Amino acid sequence: MDYVTASNYERLIRGKLRQLVICECKRIADICNDLQFTGEVAVDWVKVRQTLNSATSDYLRKLHDDAMFIKLLRKGSLLNNSLAEIWRINGNYNGALDAVKRALTQEHFATSTKTWSGINIMTIHKAKGKEFDEVIVYEGAFDGQRYIAHNDLDKAKLVLRVAVTRAKSKTIIFTPENAPCTLL
């Protein structure tokens, strides 16, 4: 369908940027349709991500950036298995959208209802949305081990708030004695 130039649609896509995004989506869809997929889900996913990276639209480049953070193909065996099954049956990924929706929905409910017991080690971001009896926040002395990034105090306050509010009863914060957290 040509949403930009067709005259028989009730409401055409108007606006230069919107039309540019539609044309760019069509271009990327055409490239993806021409890709030679292997059936190896992770390898094929990288090909699609690389195609998104070639986008000229800022919106689609943002989609590529967001896709870099999706670790479902390694972490989510349900999604990986579903996509691999679709490939085995069809020799293509027709139906992948439904498989992704099912996997994301199932993953969401599985993680939101999981009972956490024992000691669990995770990043603050990974802990978001979960609840524990007690929380220990460790802040190392080196970059990558601190929750204050580039002296951004507003972001650091939000990150620390996420960590502290995960605890039902008590939070303990470890910070280096020679370079303590500026928020404490």
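**Figure 1. The protein chain, read along its sequence, follows the pattern α-α-α-α-α-α-α-β-α-β.** That comes to eight helices and two strands. Here helices (H or I, at least four residues) and strands (E, at least two) are DSSP runs, numbered from the N terminus. This is a predicted model, in which local features need pLDDT of at least 70 and side-chain atom pairs count only at pLDDT 80 or more, while totals for chains, interfaces and linings use all residues. Residues are numbered from 1 along each chain as its sequence is written, and side-chain values use heavy atoms, with hydrogens and water left out. Of the 184 residues in the protein chain, 27% are buried; buried means under 20% relative accessible area, exposed over 50%, and partly exposed in between (1.4 Å probe, protein chains only). The accessible surface of the protein chain is about 13900 Å², and carbon and sulfur atoms hold 55% of that. Such areas come from the Shrake-Rupley method with a 1.4 Å probe, and for residues only the protein chains shown count as cover. Now look at contacts (heavy atoms within 4.5 Å). Among those between residues at least 6 apart in sequence, 53% join residues at least 24 apart.

**Figure 2. E24 and R27 meet in a salt bridge through their side chains.** A salt bridge is a side-chain nitrogen of Lys or Arg within 4 Å of a carboxyl oxygen of Asp or Glu, and the structure holds four of them. For E24 and R27, the N to O distance is 2.8 Å. Why can these two side chains be partners along one helix? E24 and R27 sit three residues apart in helix α1 (residues 16-34), so about one helical turn separates them. E24 is buried, at 6% relative accessibility, whereas R27 is partly exposed, at 32%.

**Figure 3. D30 and K26 form another salt bridge, at 3.3 Å from N to O.** How far apart are D30 and K26 in helix α1? They are four residues apart, which is about one helical turn. D30 is partly exposed, with a relative accessible area of 36%.

**Figure 4. D133 and K168 form a salt bridge between two strands.** Their closest N and O atoms are 3.7 Å apart. D133 lies in strand β1 (residues 132-138) and K168 in strand β2 (residues 167-174), so the pair ties together parts that are 35 residues apart in sequence. Are these two residues buried or exposed? Both D133 and K168 are exposed.

**Figure 5. C23 and C25 are cysteines without a disulfide.** A disulfide is a pair of cysteine sulfur atoms within 2.5 Å, and a search of the whole structure finds zero. For C23, the closest cysteine sulfur is in C25, 9.4 Å away, and that is too far for a bond. Seen from C25, the nearest cysteine sulfur is that of C23. As for accessibility, C23 is partly exposed, at 46%, and C25 is partly exposed as well, at 35%.

**Figure 6. I22 of helix α1 can be viewed together with S57.** What separates this pair in sequence and in space? I22 and S57 are 35 residues apart in sequence, and their C-alpha atoms are 9.7 Å apart. I22 is partly exposed, with 28% relative accessibility.

**Figure 7. Helix α2 (residues 41-53) keeps its buried residues on one side.** Its 13 residues should span 18 Å at 1.5 Å a residue, and its end C-alpha atoms are indeed 18 Å apart. The expected span of a helix is 1.5 Å times one less than its number of residues. Which residues of α2 are buried? They are V41, D44, R49, T51 and L52. These cover an arc of only 155° around the axis, which puts them on the same side of α2; the arc is that of the directions from the helix axis to the C-beta atoms. One of these residues, R49, has a relative accessible area of 17%. Leaving aside neighbours within four places in sequence, R49 is in contact with H64, A67 and M68.

**Figure 8. Helix α5 (residues 77-90) is followed by G91.** The helix has 14 residues and reaches 20 Å from its first C-alpha to its last, close to the 20 Å expected at 1.5 Å a residue. Its buried residues are L79, S82, L83, A84, I86 and W87. Just after α5, look for G91, whose phi is positive, near 75°.
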